[in-house]
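Trainee: I would like to go through this entry and ask what stands behind each label.
Mentor: Go ahead; here it is.

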Amino acid sequence: MQWIVDVVGEGFGQAIEVEDILYDHHSPFQHVQVATSPRYGRMLILDDAVQTTERDEHIYHEMLVHLPMAAHPDPKRVLIIGGGDGGTLEEVLKHPVDAVTMVEIDREVIEVSRTFLPSIAGRAFDDPRTRLLITDGVAFVQHTDERFDVILVDSTDPTGPGLALFSAEFYRACATALTPRTGVLAVQSGSPLYQGDVLNLVARHLSAVFPGIAPYWAAIPSYPGTLWSFTIALRHVPPRPARPLAIPGLRYYSEVTDAAARLLPPLP
Ligand code: SAM
C-alpha cells in the first residue's frame with residue numbers, strides 16, 4: 001500500500017491510501033495518473049490532485065450540472081469547458097438538451113478515463129448530441145460566434161492549463177458566448193476552507209461581468225477538506241426559483257440540496 005497526498009492551499013493536504021497505480025504518464029499538459037483506493041475505488045489524479053473517484057464523482061457532477069441547469073428556463077445548447085472524465089457530460093445529457101459541446105485541452109485525460117473509469121462517463125461520449133473538441137477552452141470561447149444557454153467550467157485547480165480558466169478575460173468571453181437575458185454560467189471555485197483566495201478571485205472577476213452571482217457548496221469526501229464550492233453567474237436578476245427537474249436516479253442533487261447548497265456555513 002502507498003499514500004497519495006493531495007495538497008490544497010497553504011499548510012493543508014489530504015492523504016489517501018492507494019493499492020495500485022494503474023496508469024502514470026506525463027501528457028503535454030499535465031501528470032496523468034489512475035490509482036485504485038480501497039475507500040474510493042478508481043481515482044483520476046492530475047498533477048497530484050484528485051479529480052474524480054468512482055465512489056463520490058456523482059456529488060461533484062450532479063451539483064456542477066443540475067443546479068445551474070435548473071436555474072435556466074429551458075436549456076437546449078450547453079457548453080462544457082474541461083470535464084475530461086466525462087462525468088459532467090453524462091449529467092448534462094440526462095436533460096432534454098439538443099446539443100452539448102465539450103472543449104477539453106488534453107485528449108489523454110479522455111482516453112484514460114474511457115479506459116480505466118468507464119462508469120463515470122457511461123455512454124456520454126458516444127451520444128449523438130455530443131460534440132467533442134480537443135482544444136484550449138479559453139481560445140474556444142474567445143473565438144466562437146455560437147451562443148449557449150448554459151456554460152459549465154469543469155476545470156482543474158488554477159494551475160497549469162487550468163489557470164487561465166479563472167481569469168477575468170475568460171469570464172468576459174463566456175458572458176459574450178451566453179444567450180442574452182437567460183444565460184447561466186457555473187464554475188468549480190475550489191475549497192472554501194483552504195482556497196478562499198480562489199473563491200474570492202472568482203467572485204471578483206464574475207461580478208465585474210454578471211449582474212447576479214452566488215457561491216454554492218457540496219460535501220465531496222475525496223476532495224481535501226471535503227467542503228467544495230461552485231459559483232453560479234446569471235445574466236438575469238433576481239434569480240428565478242430553481243425549476244423542478246424530472247430526472248430519475250439522482251443521488252445527491254434535489255430541490256432540498258439545491259436550496260441548502262446556497263447557504264454557505266460561516267467559515268473560520
Ligand atoms: N473535478 C475536477 C476538479 O474539480 O478538480 C475537474 C475534473 S476535469 C478532469 C478537469 C479537466 O480540465 C482536465 O481534464 C483538464 O485537462 C481540463 N482543462 C484544464 N485546463 C483546460 C483548458 N484551458 N481548456 C480546456 N480544458 C482544460
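**Ligand shell and overall fold**

Mentor: Strand 5 (41–46) and strand 8 (99–104) each supply at least two residues of the shell around the ligand. Keep in mind that this is a predicted model.

Trainee: Which residues come nearest to the ligand?
Mentor: Gln30, Glu104, Asp136, Gly137 and Tyr223, out of 25 residues around the ligand. By class, the shell residues divide into nine nonpolar, 11 polar and five charged.

Trainee: What makes the pair between the ligand and the side chain of Gln51 a polar contact?
Mentor: An oxygen atom of the ligand is 3.1 Å from an N or O atom of that Gln51 side chain. The cut-off is 3.5 Å, so the pair counts. For Tyr60, a ligand nitrogen atom is 3.3 Å from a side-chain N or O atom, so this pair also falls within 3.5 Å. Gly162 takes part through a polar backbone atom, 3.4 Å from a nitrogen atom of the ligand. The protein covers 99% of the 590 Å² of accessible area that the ligand has on its own.

Trainee: Which cavity is the space taken by the ligand?
Mentor: The largest cavity.

Trainee: How many helices and strands does the protein chain have?
Mentor: Eight helices and 13 strands.

Trainee: Why is the protein chain called as compact as a globular protein of that length?
Mentor: The globule rule gives 18 Å for 268 residues, and the radius of gyration is 17 Å, close to that value, so the description holds. The C-alpha trace spans about 55 × 45 × 35 Å along its principal axes.

Terms used. Residues numbered from 1 in each chain as written. Predicted model: local features only at pLDDT ≥ 70, side-chain atom pairs only at ≥ 80, totals over all residues. Heavy atoms only, no water. Near = heavy atom within 4 Å. Polar contact = N/O pair within 3.5 Å; in protein donor to acceptor, adjacent residues only side chain to side chain. Areas by Shrake-Rupley, 256 points an atom, 1.4 Å probe, with all protein chains shown as cover. 1 Å grid on protein atoms, 1.4 Å probe; cavity = no way out; pocket = protein on both sides within 12 Å on 5 of 7 lines; lining within 4 Å. Sits in = over half its atoms within 2 Å of the grid points. Helix = DSSP H or I, 4+ residues; strand = E, 2+ residues; numbered from the N terminus. Nonpolar A, V, L, I, M, F, W, Y, C, P; charged D, E, K, R; others polar. Rg over C-alpha atoms; globule rule 2.2 N^0.38 Å.
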